[in-house]
Amino acid sequence: MIPIFTTQLMGRIKAVREKEEEFEDAARLMAQALVGDGTVYVYGTRELRGITSEVEYGTDRDESIKALTQENLNELTTADRVMLFSPFTNDDEACRLATKLHVQGVPFAAISNFYDEQDAAYSLADVHIDFESDIGLVPDEEGKRSGYPTSIIGLYTYFCLLLTIKEIMSEY
């Protein structure tokens, strides 16, 4: 099962990697905060909460990128930007936050599996990056699937965004 999972995971990573236009759009959106008076914040729902640990404690942490918390949510300004990670665009918590960000006039990139165009985490986002990882990668003998790679793909996407932001900022 491990070879199947690994092969399928590499296929999912490749599919996300090919979203160069979305990565550049999202990174440019985040860089706007960094060249101005804003801050980039990262928020993850459900299993993607781990991305905020990377933001706060990871070896590649950047002081200009912070975890979005309930405490600093009300301090956001239109100069700030948010990366909103969720398993699906219809995630209740992500949709509530997307609506709040929209009302506050805070631009954000939503990063998740696409579910429906009407989902607030998709329709209100300035940019959306689709994980394309909405099924388990390993089928069993009954046809059920396991090995959902959402958190792995989420971290991969975060690092791709971080590196693209750094590349853009090196030009300033």
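Where is the place of D91 in this structure? Select D91 and you land in the loop between strand 3 and helix 5. Keep in mind on this tour that the model is predicted.

**Stop 1: D91 and its surroundings**

Show D91 as sticks. D91 is buried, with a relative accessible area of 8%. Now look for its side-chain partners. One polar contact goes to the side chain of T45, at 3.3 Å. Another belongs to the start of helix 5, where a side-chain oxygen of D91 comes within 3.2 Å of the backbone nitrogen of E93. If you skip residues up to four places away in sequence, D91 touches T45, R46 and S86.

**Stop 2: along helix 5**

From D91, carry on into helix 5 and select residues 92-104. Helix 5 has 13 residues and spans 18 Å from first C-alpha to last, close to the 18 Å expected at 1.5 Å a residue. Colour E93, A94, C95, L97, A98 and L101: these are the buried residues of helix 5. What lies over them? The cover for the buried residues of helix 5 includes strand 1, helix 4 (70-73), strand 3, strand 4 and helix 6 (120-123). Just past the end of the helix, click on G105, which takes a positive phi of about 75°.

**Stop 3: the sheet**

Switch to cartoon and bring up the strands. You should find an open sheet of five strands in the order 2-1-3-4-5, paired in parallel. Strand 2 (65-67) and strand 5 are its edges, each pairing on one side only. Neighbouring strands in this sheet are turned by 20° against each other on average, ignoring direction. Helix 5 packs on the sheet and touches strand 1, strand 3 and strand 4. Its direction makes about 155° with that of strand 3.

Next, pick out strand 4 and strand 5. They run parallel and are joined by four bridges. Look across the pair: A110 stands opposite H128 in strand 5, and I111 stands opposite I129. Then check the two faces of strand 5. Both are covered, with V127 and I129 buried on one side and H128 and D130 buried on the other.

**Stop 4: N113**

Stay with strand 4 and select N113, which is found in that strand. Is N113 buried or exposed? At 1% relative accessibility, N113 counts as buried. Turn on its polar contacts. A polar atom of the N113 side chain lies 2.9 Å from the backbone oxygen of P87. The N113 side chain also reaches the backbone nitrogen of E132, at 3.3 Å. Leaving aside neighbours within four places in sequence, the contacts of N113 include S86, F88, T89, D130, F131, S133 and T150.

**Stop 5: F131**

F131 is one of those contacts of N113, so click on it next. Its place is in the loop between strand 5 and strand 6 (138-139). F131 is buried, with a relative accessible area of 0%. Measure out a C-alpha to C-alpha line from F131 to P87: the two are 44 residues apart in sequence and 8.5 Å apart in space. Leaving aside neighbours within four places in sequence, F131 is in contact with residues including V16, L48, F85, I111, I153, G154 and T157.

**Stop 6: F85 and the largest core**

F85 is among the contacts of F131, and F85 is the next residue to select. Show everything around it, leaving aside neighbours within four places in sequence. The contacts of F85 include V42, Y43, L48, I51, I111, Y158 and L161.

Now widen the selection to the largest nonpolar core, which has 33 residues. Within this core, V42, M83, F85, I111, Y158 and L161 touch the most other members. Which elements should you colour to see where the core comes from? At least two residues each are supplied by helix 1 (2-17), helix 2 (20-35), strand 1 (40-44), helix 3 (50-57), strand 3 (81-88), strand 4 (108-113), strand 5 (127-130) and helix 7 (150-170). Helix 2 gives the largest share, eight residues.

**Last stop: another core**

Apart from the largest core lies another one, of 18 residues. Select L68, L76, A98 and L101, which are among its members. You have already met A98 and L101 on the tour, as buried residues of helix 5.

Notes: Residues numbered from 1 in each chain as written. Predicted model: local features only at pLDDT ≥ 70, side-chain atom pairs only at ≥ 80, totals over all residues. Heavy atoms only, no water. Core = buried A, V, L, I, M, F, W, Y, C linked by side-chain atoms within 4.5 Å. Buried < 20%, exposed > 50% of the residue type's maximum accessible area, 1.4 Å probe, protein only. Contact = heavy atoms within 4.5 Å. Polar contact = N/O pair within 3.5 Å; in protein donor to acceptor, adjacent residues only side chain to side chain. Pairing = 2+ DSSP bridges. Axes fitted to C-alpha atoms, helices over the stretch in contact; angles between N-to-C directions. Expected span 1.5 Å × (residues − 1).
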